[in-house]
Amino acid sequence: MTFNFFQFWKKSEPKSKISVSEIPIFSSLGPAELELIENKIRRVEYKRGDIVYRIGEKAEAFYIILLGRFRVLGLKGEILTILSQGDYFGESSILLNRNHSATIEAKNDGLVLRIEKKDFQNLISQIPSLSLHLSRTLGHRLTKGSMRSEVSKTKIISFCHYEAEYEKRIFIRNLAATLATHGKSKTILLGLESETQNKFPDREKNKLSLAQFQTAEAEDIQKMIYRENEAFDFLCVQDGTSEDRGADTAMASLVGYLTDQYDFVLIDLPTEFSALGVKALQQSDLIYFLLLEENRFSSKALSFLREFETSFGFTSDEIRLILCEQKEKKREVFPRRQRSRGDAVFSVFSVLPYEKALHAERKTDSFSFAIGNPETSYARTIRFLARELTGKLVGLVLGSGAAFGFAHIGVLRVLEREKIPVDIIAGSSIGALVGAMWASGMDSHELEQVSKELDRKSTFFKLIGFRDLSFPHRGFFKGDQIVRYVRSFLDRKTFRMLNIPVKIVASNLFTGEEVIFDEGDVVDAIRASISIPGIFRAVKYQGQYLIDGGVVDPLPVKVLSRYGVKKIIAVNVLSAAEDHIQRQEYYETQKAQWAEEIKKKGRVARIWFWILRWFEKRFTTNIFNVLMNTIQFLEYGMAESASAGADIVIHPVLSDSHWAEFYSTEKFIRRGEEKTLEQLSEIRRLVEEGA
């Protein structure tokens, strides 16, 4: 038997080696199909400001973004939207056999997969599910005979449920109201009724059938649309085309008509999985599937999810599960990942029933509950989803780096002072610790006070201590003492108790896979994420052995990208090669100065100085320095590669510092403030972009 002790280093492969199976559009394909695609792709790097193609040029290839961000520019150079990791472009021009209708420009350094036009056409003919997915996403861009922009700004979302009709109706209306008010987006709710339903009896005189739409004038359609609570528009649509062969065209035309006028089209699907619902799904970008938490793993509910993928071509990232809880208790209110049958992974949200917090049964209030009760968990969930849909989520990535990570506190201080919103945090190692404590409600000043408690005399005993010593074959320290110390601040807090969502990254010791914590005990997750290999024992969790998150993802930008975050600020506290050289030169200069000064001292002082120099030379290459420096050298390369996916990267490093200086917090915090202030104008511009 062969033991691969260092399998976890496999994630340090060059960025061009990213697996095709990790790309959302290909996530549901089998090995044979993935191999077919792999043989057709070419990886192309773009520098900031490079043009992929210009408006009016002939379509020559299909592109998928692996790293970086790309602007979609209109005829006058205006920014239509920003594309990020996992997004693709160029397919519309190929499928519709036309020239490009937008310009694509690299916003920062990036990496894309390029598939030539001929190869792309062959792939969609050989892989039915890929063809189905692309046909669906293209469908809603078509109007009654005209062609829409290559990248549509309007988002079309269908809402369906499993035994949660009432919860769905309340949820969709609150989301529509939040998009229209806080999001300042023109929003319409399209309520669909099949022939056997009467979901909206109070709107009997304002119902439009698809058959009517095919012959109706624009003025007549507008009369059917009415304003709901002075916030969003509503239109009730009945099927009425069951025997009409043009029913699919009618739905596509209706959606196309609405996308010309609105930023968001929310479709309330019929209770029954009818032909009308199928037509609507074919036009949608996303699906929000609501179910009661007790039915989370229901075989019937999961069969719906599989149907969305196999029959309609939706990827797992295009499906949101909304869990509706029935008991009033503190629950998770932010996105998390669920692994369902067939190993499909979906984004999962959980909401507390609004009526439990409202303590009233006035139906007129139910549609605007999230607006009127902004501090409730229900409202926070709605607001988070609305900011995600409008591309306004601001994510903060806090990287690994031992004591260097105290610079994160300085970054947070500037963000607090300048009122820069942070919607979600992802962190590895020390970044996970600082991020979780901040999300728990501690501000940067409180974090600084905590850090100052770690002086030269007490740091060892507070974080490690002799009781924590372990047999070296598993790690020098058990890690129990640091857990006790962190728990003195976070106690038994769970992720659902944090003020904003936090994603904590750890590494699987034997597979090199990243493990993302966003449920359960926060301190347990932190303990796993800070398990420096060789220094702390690996953490056993659900049959896995976990070590420091920085080993595979020291700057977890891609974690936030997968959760739909479009604006990412990353803080990389690791040192580049030139930083290490500068640090070594600084120490050599300091030693030379000390040597000159000691010559002026007495004989005892000179002897003591040279004894200290001997110990320094003898023990500088101790096992802790060897492990930490080696790990951080490797981590920097991975962090530098990951930073391509962030909009802003803050790099607060110091030449006069050491990874173990947990007792020198002030200089790290000050450096974090300085470097953040240098980029404050860029941060403000990012936050305000598209607002």
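Buried here means under 20% relative accessible area, and that cut-off comes in handy for the cysteines below. Everything shown is a predicted model.

**View 1. Two cysteines tucked out of reach of the probe, by the numbers.** C236 has a relative accessibility of 1%, so it counts as buried. C324 comes in at 4% and is buried too. As for disulfides, where two cysteine sulfur atoms must sit within 2.5 Å, the count is zero.

**View 2. An open sheet of four strands.** The order runs β1-β8-β3-β6, with antiparallel pairing. At the edges are β1 (41-46) and β6 (88-89), each of which pairs on one side only. Zoom in on β3 (residues 61-67) and β6, and you'll find two bridges holding this antiparallel pair together. Look for I64 here: across from it, in β6, stands Y88.

**View 3. Helix α3 lies across the strands β3 and β8.** The helix covers residues 117-126, while β8 covers 110-116. Helix α3 runs at about 75° to β8.

**View 4. The β21-β22 hairpin.** Five residues separate the two strands, and G512 in the turn has a positive phi of about 80°. β21 (residues 502-508) pairs with β22 in the antiparallel sense, over four bridges. One pairing to pick out: I504 has F517 of β22 as its bridge partner.

**View 5. The two faces of strand β22.** In a regular strand, side chains alternate between the two faces of the sheet. Along β22 (residues 514-517), V515 and F517 point to one face and are buried. E514 and I516 point to the other face and are not buried.

Methods. Residues numbered from 1 in each chain as written. Predicted model: local features only at pLDDT ≥ 70, side-chain atom pairs only at ≥ 80, totals over all residues. Heavy atoms only, no water. Buried < 20%, exposed > 50% of the residue type's maximum accessible area, 1.4 Å probe, protein only. Pairing = 2+ DSSP bridges. Contact = heavy atoms within 4.5 Å. Axes fitted to C-alpha atoms, helices over the stretch in contact; angles between N-to-C directions.
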